[in-house]
Amino acid sequence: MKKIILSTVFCSLSLFAIDSNNTNIGTDASVLKSSELNLIQTMLPNTKISKYQKSIIDGFYEIYFDNGQIIYVSPYKELMLFGEIMTKAGHSITGANRAKWQEELSSKEIQNSSIDKLIEHSKKAVFNKGSQNDYSFVLFTDPECPYCKTVETFFSENNTTVYFNFTPLPFHKNARNLSELALSSLDFKKTLNEIHDGAIPDIKITNDAKKQLENMEELGKALKVAGTPKIYVISQKDNKIVDVVNGANIPQLEKYLNK
């Protein structure tokens, strides 16, 4: 039995990435010329491919994206499926594969990321008692992303230290303006709350805020941040990145809260 669920936990750009059965595209020219890959490519033109494999559903391929998500395509029937494949017992096959894929991506991101770069242009916010000597968080967020609001509310209700990097997505028409307003504010946390409540604060946008946002966006592009929220978890004790969380995965974040 299959069941399609259309909900998700992050705001994403329409960026796709696929690979061939666990083979990195670009390392073997013959893979690029395979009839199977070319067939899939007809469903996703002008798309960088990073991973794919045959789906449990006959005629469909499971397509993996750089933002950690999975979709299904049938080039034979020219169909695309967005959602979860569930067993009769309620186990999400898609969820299990997605978790494994996100863990793989996180491992690569941790290796290729620098704490100094992550926080260089960020806006630091200390909530309640702060993270103290445990874990701090680098958050890539969009002011109009509802899942980002969920994560920001979670941080504000706990002892956390968060480094904000605004990444306004192009389909959120007010996101850039709201980001600049927040960065221009003398009371950053208060302004964030106003934005969450749907209010537009009466603040003059500064040139420094505009430049800071540009630097944040450049970092997002360099890290290929395709969706929000995206959170890097830093061990302050060991001074290293220990995890990357994609989407509003509150249970995953809870593991790093102060005890």
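Here is a short tour of one predicted protein model, from the whole chain down to single residues.

**Ground rules**

This is a predicted model, and local features need pLDDT of at least 70, side-chain atom pairs count only at pLDDT 80 or more, while totals for chains, interfaces and linings use all residues. Residues are numbered from 1 along each chain as its sequence is written, and side-chain values use heavy atoms, with hydrogens and water left out.

**The chain as a whole**

The protein chain has nine helices and eleven strands; these are DSSP runs (helices H or I, at least four residues; strands E, at least two), numbered from the N terminus. Of its 259 residues, 49% count as buried, where buried means under 20% relative accessible area, exposed over 50%, and partly exposed in between (1.4 Å probe, protein chains only).

How sure is the predictor, and what does the pLDDT average? The chain averages a pLDDT of 84, and 86% of the residues score at least 70; pLDDT is the predictor's confidence in each residue, from 0 to 100. Over residues 1-7 the value is below 50, and this stretch has 15 contacts in the model beyond near neighbours in sequence (contact means heavy atoms within 4.5 Å). Residues 14-33 also stay under 50. Where pLDDT is low, the predicted coordinates should not be read in detail.

**Two open sheets**

Let's start with the sheet of five strands, in the order E6-E8-E7-E10-E11 and with mixed pairing. Two strands pair if DSSP finds at least two bridges between them. Strands E6 (123-127) and E11 (240-246) stand at the edges with a single partner strand each, so one side of each has no neighbour in the sheet. Inside this sheet, E7 (residues 135-141) and E8 (residues 160-166) run parallel and are joined by five bridges; Val 138, for instance, has Tyr 163 in E8 as its bridge partner.

Helices lie across this sheet too. Helix H5 (residues 146-156) crosses E6, E7, E8 and strand E10 (230-235), running at about 155° to E7. Helix H7 (residues 188-196) lies across E6 and E8, at about 85° to E6. For these angles, axes are lines fitted to C-alpha atoms, for helices over the stretch in contact, and the angles run from 0 to 180 degrees between N-to-C directions.

The other sheet has four strands in the order E2-E3-E4-E5, with antiparallel pairing. Its edges are E2 (51-54) and E5 (79-81), each with a single partner strand, so one side of each is left without a neighbour in the sheet. E2 pairs with E3 (residues 61-64) over four bridges, and Tyr 52 has Ile 63 in E3 as its bridge partner.

**Residues worth a look**

Two asparagines have a positive phi without being glycine:

| Residue | Phi | Loop | Relative accessibility |
|---|---|---|---|
| Asn 128 | about 55° | between E6 and E7 | 52%, exposed |
| Asn 239 | near 55° | between E10 and E11 | 57%, exposed |

Is Ser 235 buried or exposed? Ser 235, in strand E10, counts as buried because its relative accessibility is 4%. A polar atom of its side chain lies 3.2 Å from the backbone nitrogen of Asp 238. Leaving aside neighbours within four places in sequence, Ser 235 is in contact with Asp 134, Tyr 135, Lys 240 and Val 242.

Finally, a cis peptide bond joins Thr 228 and Pro 229, with omega about -5°. Pro 229 lies in the loop between strand E9 (227-228) and E10.

Note on methods. Polar contact = N/O pair within 3.5 Å; in protein donor to acceptor, adjacent residues only side chain to side chain.
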